[in-house]
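Biologist: I have a model open and some terms to test. Can we go through them one by one?

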Amino acid sequence: GGVGKTTLAQLVYNDPRVVDHFDLRLWVCVSDNFEMKTLVKAMIESATMAAKEAADLQHLDALERRLWELLSQKRYLIVLDDVWNDQQEKWLELKSILSCGSVGASIIVTTRLKMVADIMGTLPPQCLQGISDEDCWMLLKRRAFGQQHQEEEEEEEVKFPELQEIGKDIVKKCGRIAHSA
């Protein structure tokens, strides 16, 4: 967690070229709840911006039909964010529901679990990793002190030795988090 999967997906989702490319874009936070009825309702809400429409439909088959109507023959982008479910049969069921789009319809899944990516994916997963301690320290110095040049960075280390120590402690903590994800 914390390496930027959701942030990267948001950048892609909101990029003007992506907005122009797709007929419809849906964002669904999945987390632990991979119940088909809940997911399909969330997709309908995201597509229509109307929670009432999805709430009016009580049965899964009616929800699936409505989602099919919304997605049918459209080039859509669906982001399923923070997916934890690794039950292949549920993924296959969801993929069959979503198979009504036109050529170029796409799904992005963010997950911490490689197995989820392997089950869902048709493309190889893109595994994000933390940056090196050295790069993290350089980034922190630039953000904290606004430095642009190597000479200024070297001078800063002499001017602020107590801040350098604190900064390097921060880098160690951040690095452990990023590398363990």
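What follows is a short exchange on the sheet and the cores of this predicted model.

Biologist: Why are S1 and S2 called paired strands?

Modeller: Pairing needs at least two bridges between two strands. Seven bridges join S1 to S2. So the two strands count as paired, and they run parallel. One bridge links Val28 to Leu80 in S2.

Biologist: What makes S1 and S3 edge strands?

Modeller: Each pairs on one side only. The order is S1-S2-S3 in an open sheet of three strands, with parallel pairing. S3 covers 106–111. On average, neighbouring strands are turned by 15° against each other, direction ignored.

Biologist: Why is Leu94 said to be in contact with Leu80?

Modeller: Contact means heavy atoms within 4.5 Å. Leu94 meets that with Leu80, and also with Phe34, Met36, Leu39 and Met43, leaving aside neighbours within four places in sequence.

Biologist: What makes Leu94 a member of a nonpolar core?

Modeller: A core member is a buried residue of a listed type, Leu among them, joined to others through side-chain atoms within 4.5 Å. Buried means under 20% relative accessible area. Leu94 belongs to the largest core, of 27 residues, so it meets these terms. Leu94 is among those that touch the most other members, as are Met43, Leu71, Leu80, Trp91 and Leu98.

Biologist: Which elements supply this core?

Modeller: Strands S1 and S2 and helices H3, H5, H6 and H7 each give two or more residues. H3 gives the most, with six. Another core, of seven residues, lies apart; Tyr13, Phe22, Trp27 and Leu77 are among them.

Terms used
Residues are numbered from 1 along each chain as its sequence is written. This is a predicted model: local features need pLDDT of at least 70, side-chain atom pairs count only at pLDDT 80 or more; totals for chains, interfaces and linings use all residues. Side-chain values use heavy atoms; hydrogens and water are left out. Buried means under 20% relative accessible area, exposed over 50%, partly exposed in between (1.4 Å probe, protein chains only). Helices (H or I, at least four residues) and strands (E, at least two) are DSSP runs, numbered from the N terminus. Axes are lines fitted to C-alpha atoms, for helices over the stretch in contact, and angles run from 0 to 180 degrees between N-to-C directions.
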